[in-house]
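This briefing is meant for a reader who is meeting the structure for the first time. Please keep the sequence and the model in view while going through the points that follow.

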Amino acid sequence: MIDRMALRYMTAGESHGPGMLAVVEGLPAGLAVDADFINAELRRRQAGYGRGARQRMETDTIEVLSGVMQGRTMGGPVALRVANRDSRLDDAAKTPPVHQPRPGHADLAGSVKWLTTDCRATLERASARETAARVAAGALARCLLREFGIECFGFVRSSLDVRCAAEVTAENWTSLRAARDASEVGMPCATSSQQLIDRIHQAKVEKDTVGGLVETHVFGCPIGLGTCVQWHERLDSRLAAAVMGIQAFKAVEIGLGRECAFRTGSQVHDPIAYDAARRGEPHLGFVRTTNNAGGLEGGMTNGMPVVVTGTMKPISTLLRGMPSVDLNTKQSITSAYERSDISAIAAAGVVLENVVAFEIAAAFLAKFGGDSMTQLHASHDAFLDLARRLPLAD
Ligand code: EPS
């Protein structure tokens with residue numbers, strides 16, 4: 001399959017192995033790698049009310065293993081490692097076999113797939129610990145986006161019956177970001193934030209878990225990232241795949257998302273107007289009064305903020321257990337409990353933000369290309385210059 005996306009990454013590592021790895025390939029040479037920024041994103045991912053004891057053991061930071069010289073990319077693959085302090089895979093006593101699959105986890109499907117009755121190997125790789133590597137890769141890609149004024153803002157929109165009603169705009173997102181950072185659950189509204197803390201506490205008392213809805217807004221994308229020419233290269237297709245690849249995510253929406261089904265066209269589509277005074281903005285003056293499309297039409301950015309929402313199911317490891325079956329005896333049994341989180345929804349907000357950022361960066365590089373940051377800047381500036389001069393003379 002032809003794929004114009006040059007930027008890609010893979011992750012490796014187990015929850016309780018020596019560490020998590022991200023290998024990012026396709027970054028141009030000369031990109032300044034802001035390790036402090038990447039580490040700050042990793043710290044944010046570890047925080048949040050409802051996280052388990054594991055996060056007090058880990059202090060996630062990146063170690064750059066390749067592809068960077070004196071703080072700048074060299075053009076080759078960049079390998080990032082996040083060490084696991086709770087590394088114990090080789091200690092059989094500390095990693096006993098698990099025969100009671102947890103409903104909602106990868107345990108049952110993985111054990112049958114790999115023809116074993118021990119869920120251990122499956123759960124180690126299926127673990128959401130892997131998101132540390134995805135956040136590291138996404139935050140690295142954001143170093144590139146930020147050079148072009150593209151910024152991402154992610155937060156927790158809702159969980160159970162608690163919803164933050166804040167409307168996010170290009171004008172207020174930095175103050176919402178400050179409110180989010182002051183919240184223990186990544187929600188930029190003080191009242192609903194406290195309500196959610198109470199709900200998570202209640203779930204803990206009841207030995208239960210919660211999930212939620214997380215949202216990311218990307219500001220500053222020029223028109224034309226992504227393409228309508230192949231289904232798998234549409235930017236919304238890429239985003240959806242990346243988001244659904246996050247552990248425990250069960251749904252993804254762009255802009256108005258599934259709400260589109262309940263409205264007519266005139267109530268959904270964002271009217272187009274032209275304002276020459278705003279030619280300097282990402283939409284080049286093609287202003288929209290609404291953004292129901294979430295910044296994407298025909299699989300391409302349209303100059304409005306890209307808005308992606310993801311739904312995370314409740315954590316599948318329940319202290320109270322769930323009905324299950326022992327894989328050896330086939331007898332009914334209560335599912336296994338391993339130390340876990342009550343809620344990781346604040347972390348999910350950070351993961352979504354960085355996973356989305358990576359796909360935006362991939363589409364950005366697919367459009368503007370270049371082996372070096374110098375070439376990338378030149379190509380980006382030349383395109384904007386041409387686009388602002390439309391219609392071009394023959
Ligand atoms: C996870 C189970 C828990 C979480 C883990 C994801 O791990 P442990 O059993 O070691 O306490 O803490 O998430 C992380 C370690 C992390 O860094 O996000 C699971 O089963 O998915």
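A polar contact, as the term is used here, is a pair of N or O atoms within 3.5 Å. The model shown is a predicted one, and with that definition in mind the ligand is taken up first, followed by the strands and then by some details of the backbone.

**The ligand and its surroundings**

- The residues that surround the ligand are His16, Arg45, Arg51, Arg54, Gln55, His105, Ser127, Ala128, Arg129, Arg339, Ser340 and Asp341.
- Sorted by class, this shell is made up of six charged residues, five polar residues and one nonpolar residue.
- The backbone takes part in the contacts with the ligand, since a polar backbone atom of Ala128 lies 3.0 Å from one of the ligand's oxygen atoms.
- Side chains take part as well: an N or O atom in the side chain of Arg45 is 2.7 Å from an oxygen atom of the ligand, and for Arg51 a polar side-chain atom is found 3.2 Å from a ligand oxygen atom.
- On its own the ligand has 470 Å² of accessible area, and the protein covers 92% of that area.
- The ligand occupies the space of the second largest pocket.

**The open sheet of five strands**

- Five strands, in the order 8-7-9-15-10, make up an open sheet in which the pairing is antiparallel.
- At the edges of this sheet are strand 8, with residues 162-163, and strand 10, with residues 249-254, and each of these pairs on one side only.
- Within the sheet, strand 7 (residues 151-159) and strand 9 (residues 212-219) run antiparallel and are joined by seven bridges, with Gly154 standing opposite Thr216 of strand 9.

**Pairing among strands 1, 2, 3 and 6**

- Strand 1 (residues 8-12) runs antiparallel to strand 2 (residues 19-25), and five bridges join the two; in this pairing Arg8 stands opposite Glu25 of strand 2.
- The hairpin formed by strand 1 and strand 2 has six residues between the strands, and in this hairpin Gly13 takes a positive phi near 125°.
- Strand 2 also pairs with strand 6 (residues 78-83), in the antiparallel sense and over six bridges, and there Val23 stands opposite Ala79 of strand 6.
- Strand 6 pairs in turn with strand 3 (residues 62-66), over four bridges and again in the antiparallel sense, where Ile62 has Val82 of strand 6 as its bridge partner.
- As general background, the strands of a sheet pair through backbone hydrogen bonds, either parallel or antiparallel.

**Details of the backbone**

- In general, most peptide bonds are trans, and most residues other than glycine have a negative phi.
- The peptide bond that joins Leu390 and Pro391 is cis, with an omega of about 0°, and Pro391 belongs to the segment that comes after helix 11 (373-388).
- Lys207, a residue other than glycine, has a positive phi near 55°, and Lys207 is placed in the loop between helix 7 (190-205) and strand 9.

Note on methods: Residues are numbered from 1 along each chain as its sequence is written. This is a predicted model: local features need pLDDT of at least 70, side-chain atom pairs count only at pLDDT 80 or more; totals for chains, interfaces and linings use all residues. Side-chain values use heavy atoms; hydrogens and water are left out. A residue is near a molecule or strand if one of its heavy atoms lies within 4 Å of it. A polar contact is a pair of N or O atoms within 3.5 Å; within protein, one must be able to donate a hydrogen and the other to accept it, and residues adjacent in sequence count only if both atoms are side-chain atoms. Accessible areas come from the Shrake-Rupley method with a 1.4 Å probe; for residues, only the protein chains shown count as cover. On a 1 Å grid over the protein atoms alone, a cavity is a set of points where a 1.4 Å probe fits but cannot get out, and a pocket is an open set with protein on both sides within 12 Å along at least five of seven lines; lining residues have an atom within 4 Å of a point. A molecule sits in a cavity or pocket if more than half of its atoms lie within 2 Å of its grid points. Ala, Val, Leu, Ile, Met, Phe, Trp, Tyr, Cys and Pro count as nonpolar, Asp, Glu, Lys and Arg as charged, and the others, Gly among them, as polar. Two strands pair if DSSP finds at least two bridges between them.
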